[in-house]
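Me: I would like to go through this structure step by step. Please give short answers with the reasoning shown.

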Amino acid sequence: MSEPEKKEEAGKPDARQQIQNNLRARDPLLWITTADEARVEKAIASVAESLNFGVQYFSCSFGCMNDAGTITNAGTEPEEVLQYIGETTTKTVFVLRDFHHYVDVENPTNVPIVRRIRDLGRLLKNLPVDSAKAIIFLSPDVELPSDLQAEVVLSRWPMPDADEI
């Protein structure tokens, strides 16, 4: 790495700090691409706890689950989890796994899901601080439709550094 690259890297927040910055800035829609869900979820939980957010995880195989492993909503369809997020009143970060399958607008059945994500983004951005919510999508990759590109903060989670290994 050249000296200018090292300086640029040194001034850049690490991935965990970036999530914290996004949550503090009230960015409601974050998308992280990673092949290492468990490591990213651990970092999200740590950041969320430091900011007094609860965390819930969505999977199409079990619905929403909290940190304790309790199912909080058994809906396994994307529309169900998005409605649940809109109705939840607690300060929460929702981690939605593998949602990239539901934002492919080439499939016409996904168009309402993309619209609902955009609507939720607007709603979540304007919630009071004590009931703030954010959605963090996790997937190995994603090709965001143009409808979401301006709405979602997209980032790639870095490989572990020497301290994490």
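Reply: Ask away, and keep in mind that this is a predicted model.

Me: Which residue just after helix 2 takes a positive phi?

Reply: The place to look is just after the end of helix 2, which spans residues 15-24. There the phi is positive, at about 65 degrees, and the residue is Arg 26.

Me: Where around helix 2 do its buried residues sit, and what arc do they cover?

Reply: The buried residues of helix 2 are Ile 19, Gln 20, Asn 22 and Leu 23. They lie on the same side of helix 2, because around the axis they cover an arc of only 160 degrees.

Me: Which strands are included in what covers the buried residues of helix 2?

Reply: The cover includes one helix, helix 3 (37-50). The strands it includes are strand 1 (29-33), strand 5 (92-97), strand 6 (133-139) and strand 7 (153-156).

Me: Is Asn 21 buried, exposed or partly exposed?

Reply: Asn 21 lies in helix 2. Its relative accessible area is 29%. Buried needs a value under 20% and exposed one over 50%, so Asn 21 is partly exposed.

Me: How many residues of strand 1 are buried, and which way do they point?

Reply: Strand 1 is mostly covered, with five of its five residues buried. Leu 30 and Ile 32 point one way from the strand, while the other way is taken by Leu 29, Trp 31 and Thr 33.

Me: Which residues stand opposite Thr 33 and Ile 32 of strand 1?

Reply: Strand 1 pairs with strand 6 in the parallel sense over five bridges, and Thr 33 stands opposite a residue of strand 6, Ser 139. Strand 1 also runs parallel to strand 7, joined to it by four bridges. In strand 7 the bridge partner of Ile 32 is Ser 155.

Me: How do helix 4 and helix 5 pack: roughly parallel or roughly antiparallel?

Reply: Two packed helices are described by the angle between their axes and the distance between them. For helix 4 (residues 78-87) and helix 5 (residues 111-125) the axes are 11 Å apart and the angle is about 10 degrees. Angles under 35 degrees count as roughly parallel, so helix 4 is roughly parallel to helix 5.

Me: How many nonpolar residues are in the contact of helix 4 with helix 5?

Reply: Helix 4 brings residues including Leu 82 and Ile 85, and helix 5 brings residues including Ile 117 and Leu 120. By class, the contact has two charged residues, two polar ones and, as for nonpolar residues, eight.

How values were computed
Residues numbered from 1 in each chain as written. Predicted model: local features only at pLDDT ≥ 70, side-chain atom pairs only at ≥ 80, totals over all residues. Heavy atoms only, no water. Axes fitted to C-alpha atoms, helices over the stretch in contact; angles between N-to-C directions. Helix = DSSP H or I, 4+ residues; strand = E, 2+ residues; numbered from the N terminus. Parallel < 35°, antiparallel > 145°, perpendicular 65-115°, else oblique. Contact = heavy atoms within 4.5 Å. Nonpolar A, V, L, I, M, F, W, Y, C, P; charged D, E, K, R; others polar. Buried < 20%, exposed > 50% of the residue type's maximum accessible area, 1.4 Å probe, protein only. Arc of directions from axis to C-beta. Pairing = 2+ DSSP bridges.
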